[in-house]
Amino acid sequence: MERASARIDYDAVRANCARLKVELGEAELCAVVKADGYGHGADACVAAALDGGATRLAVATASEAEQVGRRFQHVPLLTMGALTEEEVDAAISAGSELALWREDFRRLLADRSRAHGRPGRVHVKYDSGMGRLGNSDPDEVMALVRACAEDPDLELAGIWTHFATADELDSDYFEEQLGRFERLAAAVKEQHPGVLVHAANSAAVLRDRRAHFGMARCGVAIYGLDPFQRDPAEQDLRPALTLSSHVADVKRFPAGASAGYGRKWKAPVDTWVGVIPVGYGDGVRRALTNNADVLVHGRRHPLVGTVSMDNITIDLGPETEVEPGDEAVLIGRQGDEQILAEEVAHRLDTINYEVTCAISPRVPRRPA
Ligand SMILES: *Cc1c(COP(=O)(O)O)cnc(C)c1O
C-alpha cells in the first residue's frame, strides 16, 4: 500500500493513439509529451504512443527534449517552445527539430547548427490568430521559409500554426484561422513540396478533417482526456490516469465537531470521517475544500473540511463499513463509479489539462 500514487494505464494511451490515427488516416500522429506527459510520466507514455501509431514526438522545452531525445533517438522530435541561446544548444544536442518565427533567431539557429556540425531541421511558425508564438505577417513568414530553404546550415522541415479556439465548437474563429493557414501552407507547398504542414491539436483533429494536413500534434486526447471538457467516452477516449490514496484513519465525529484548518466544515449530525493522506502537496488543489467527491468501496463520499498539504478528510456518513487501509480514489474508476479529471476541473473552474499537470512529483507514477 502506498500513501498516494498515480496509476497509468499505458494500454489506454496506446488505444487512444490508435483511435486518433484512424481519424487521421494518412496524416502522421505527433504525440505531445510536454510537462512530463501532462503529468502521466513522459517516457512510458512515449513508448505506448509509438505502439499506438504515433510516428513523431513534441515537447515544449529544451530540458524535455533532452529527456525524451536521449531515450527515443530514432523518433523525430520537435521542441515547440521559445528557447534561449543556451537552450538552443541543448535542444540541438538532443537531436530535436526546432521552431522559429524571427529572422534573428533563424540566424542564431544556423550558427549553432553549423557549430554542431549538421544542418538544423526547422519548422517555421505562422501566427494565424493565436496571438502568441509565431509570426503573424504572411509575407515575413514566406521570406523566412525562403531563407531557411536557401541556408546550407538549415533544413526546412515544417510550416505550422496553432489554433486558439479549436475546443470551442461554436467558434467561427477556428474557420478564420484555418482559412488563413490553408492559404499560406498552399503557397509554401508549391515551392517546397516536401515540407511537413501541421496545425491541429487534439480538439482540431476531432472537429475538422481539413485541419489534419500532414501531421497533427495531439496531447490531451492521447491521455484519454476530452479536449471539449465533456466525458471522454463521447469521443471514444479512455482515461489513462487513476489518482488514488487510502483511508488512514476512520474517526467518530459528534455533531458540531470540525475537520481541518479554519474549521471550514462541521459535522451536521453524528458521523464517521475518513482521513486520507493526500493533499495540495500532491496536487490535490486547496480549492477542492468542501468541493469534491472521493470514491471508497465504489461509492462517492464528499470531501469535507480544508484540503491541507498532506491530508484531506471525507464524510463517510452515520453508518460505515469503511476501515483504515481501504483504497480511496480521487480521479478514476472504482467499482461502477468514476470521477473524471473533467469533473474535478469543473469544480475548480479550470480544464482537465491543469488537473493532471498539477499532480506533483511527490506522487509516484506506476503502471496500472
Ligand atoms: C500543447 C500543444 C499541443 C497539444 O495540444 P492538445 O490540446 O493537448 O492536443 C499542440 N500544439 C502546441 C503548439 C502545443 O503547445
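In this predicted model, the ligand is surrounded by 13 residues, where a residue counts if one of its heavy atoms lies within 4 Å of the ligand. The closest are Lys 34, Tyr 38, Ser 202, Val 220 and Tyr 353. By class, this shell holds seven nonpolar, four polar and two charged residues, with Ala, Val, Leu, Ile, Met, Phe, Trp, Tyr, Cys and Pro taken as nonpolar, Asp, Glu, Lys and Arg as charged, and the others, Gly among them, as polar. At least two shell residues each come from helix H2 (34-38) and strand E9 (215-218); helices (H or I, at least four residues) and strands (E, at least two) are DSSP runs numbered from the N terminus.

Polar contacts to the ligand are pairs of N or O atoms within 3.5 Å. The side chain of Lys 34 places an N or O atom 2.7 Å from a ligand oxygen. Backbone atoms also take part: an N or O atom of Gly 219 lies 2.9 Å from an oxygen atom of the ligand, and a polar backbone atom of Val 220 is 2.8 Å from a ligand oxygen. The ligand taken alone exposes 390 Å², of which the protein buries 92% (Shrake-Rupley method, 1.4 Å probe).

The protein chain is assigned domain 1 (10-226) and domain 2 (241-339), with bounds from an automatic or database domain assignment. Their centres, taken over C-alpha atoms, are 41 Å apart.

Residues are numbered from 1 along each chain as its sequence is written, and side-chain values use heavy atoms, without hydrogens and water. Local features need pLDDT of at least 70 and side-chain atom pairs count only at pLDDT 80 or more, whereas totals for chains, interfaces and linings use all residues.

Methods:
A polar contact is a pair of N or O atoms within 3.5 Å; within protein, one must be able to donate a hydrogen and the other to accept it, and residues adjacent in sequence count only if both atoms are side-chain atoms.
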